[in-house]
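Hello,

Here is the structure I promised to pass on. Please open it, and then read my notes below alongside it.

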Amino acid sequence: MKWLHLFICSPTKYGKPSVTCINHQLGPSYLNLELGIGESIIKKAIGEATGKTQASIQSDYVELGDLGLVCQQSSLKLRTLVAHKHLTLASVFEALISIAKEKGNASQKKKQNKIKQLLVSCRECESLYII
C-alpha cells in the first residue's frame with residue numbers, strides 16, 4: 001500500500017519508471033530493452049566500486065548466495081571523501097535505460113562503469129536493490 005500512496009502522490013515523471021520497475025522491465029515489451037549484463041560484469045563493477053578483489057567477491061558470493069547481498073555487505077565498509085548525489089527513481093531508471101541502449105565497441109566496459117557509478121552513489125541498503 002505504501003507504493004500505491006507514493007505512486008498517487010508523486011509527480012507524473014515517476015509514473016512510468018515506477019510501473020516498469022515493478023514489472024521488472026525497462027519499458028514495454030515491444031521496445032525489447034534488456035540490460036545485457038552478465039554476472040562477471042556485475043562482479044567487476046562491485047570490485048571497482050568497493051575496492052574488493054574478484055577472489056574476495058567470489059568467496060562472499062559462494063557464502064551469501066546473492067550478489068546484491070555481497071555488494072551491500074561490501075558497501076557498508078566503504079567511505080568516500082565526497083558525498084555523491086542521492087539516487088532517485090528517475091536517475092536509476094535513466095541509468096538503466098542508458099545501460100540497455102549501450103551498443104558497439106567497448107559497450108560492456110561502458111555498462112560496467114555505469115553500474116559502478118550507481119553503486120558508488122548508493123546509500124545504506126540501496127545497492128541490494130540495484131544489483
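**The contact at K52**

A polar contact of 2.2 Å joins the side chains of K52 and D60. Please keep in mind that this is a predicted model.

Where is K52? K52 sits in the loop between helix 3 and helix 4 (54-64). K52 counts as partly exposed, because its relative accessibility is 22% and the buried class takes in values under 20%. Leaving aside neighbours within four places in sequence, K52 is in contact with G47, I57, D60 and S74. So D60 turns up twice: in that contact list, and as the polar partner of K52. Look also at C71. K52 and C71 are 19 residues apart in sequence, and their C-alpha atoms are 10.0 Å apart in space.

**The whole chain**

Now step back. How many helices and how many strands does the protein chain have? The count is 8 helices and 0 strands. Read along the sequence, the pattern is α-α-α-α-α-α-α-α.

The protein chain has 131 residues, and 34% of them count as buried. The chain exposes about 8,600 Å². Carbon and sulfur atoms supply 59% of that area.

Next, the contacts. Take those between residues at least 6 apart in sequence. Of these, 66% join residues at least 24 apart.

**Helix 7**

I spent some time on helix 7 (107-121). Start with its length. Helix 7 has 15 residues, and at 1.5 Å a residue it should span 21 Å. The C-alpha atoms at its ends are 21 Å apart, which agrees.

Which residues of helix 7 are buried? They are S107, K111, Q112, I115, L118, L119, V120 and S121. What do they pack against? The buried residues of helix 7 pack against helix 3, helix 5 (67-75), helix 6 and helix 8 (126-130).

One general point helps when you read such a list. An α-helix has 3.6 residues a turn, so residues three or four places apart point the same way. Try the list again with that in mind.

Take helix 6 (89-101) as one partner. Two packed helices are described by the angle between their axes and the distance between the axes. The axes of helix 6 and helix 7 come within 10 Å and cross at roughly 170 degrees. That makes helix 6 roughly antiparallel to helix 7, because angles over 145 degrees count that way. On the helix 6 side, the residues that meet helix 7 are V92, A95, L96, S98 and I99. On the helix 7 side, they are K111, K114, I115 and L118. 

**Two serines in helix 7**

S107 is found in helix 7. S107 is buried, with a relative accessible area of 11%. Find G36 as well. S107 and G36 are 71 residues apart along the chain, and their C-alpha atoms are separated by 10.0 Å.

S121 is also found in helix 7. Is S121 buried or exposed? S121 is buried, with a relative accessible area of 11%. A polar atom of the S121 side chain lies 3.0 Å from the backbone oxygen of Q117. Leaving aside neighbours within four places in sequence, S121 is in contact with H84, K85, L87 and E126.

**Two loop residues with positive phi**

N32 has a positive phi of about 55 degrees, although it is not a glycine. N32 lies in the loop between helix 2 (15-22) and helix 3 (39-50). N32 is exposed, because its relative accessible area is 58% and the cut-off is over 50%.

A106 has a positive phi of about 60 degrees, and it is not a glycine either. A106 lies in the loop between helix 6 and helix 7. At 44% relative accessibility, A106 counts as partly exposed.

**The segment after helix 8**

Last, look at I131, in the segment after helix 8. I131 counts as partly exposed, at 29% relative accessibility. Leaving aside neighbours within four places in sequence, I131 is in contact with I42, I46, L67, G68, C71 and L119. L119 is one of the buried residues of helix 7. How far apart are I131 and D66? They are 65 residues apart in sequence, and 9.1 Å apart in space, C-alpha to C-alpha.

Have a look, and write back with questions.

Best wishes

Technical notes: Residues are numbered from 1 along each chain as its sequence is written. This is a predicted model: local features need pLDDT of at least 70, side-chain atom pairs count only at pLDDT 80 or more; totals for chains, interfaces and linings use all residues. Side-chain values use heavy atoms; hydrogens and water are left out. Helices (H or I, at least four residues) and strands (E, at least two) are DSSP runs, numbered from the N terminus. Buried means under 20% relative accessible area, exposed over 50%, partly exposed in between (1.4 Å probe, protein chains only). Contact means heavy atoms within 4.5 Å. Accessible areas come from the Shrake-Rupley method with a 1.4 Å probe; for residues, only the protein chains shown count as cover. A polar contact is a pair of N or O atoms within 3.5 Å; within protein, one must be able to donate a hydrogen and the other to accept it, and residues adjacent in sequence count only if both atoms are side-chain atoms. The expected span of a helix is 1.5 Å times one less than its number of residues. Axes are lines fitted to C-alpha atoms, for helices over the stretch in contact, and angles run from 0 to 180 degrees between N-to-C directions. Angles under 35 degrees count as roughly parallel, over 145 as roughly antiparallel, 65 to 115 as roughly perpendicular and the rest as oblique.
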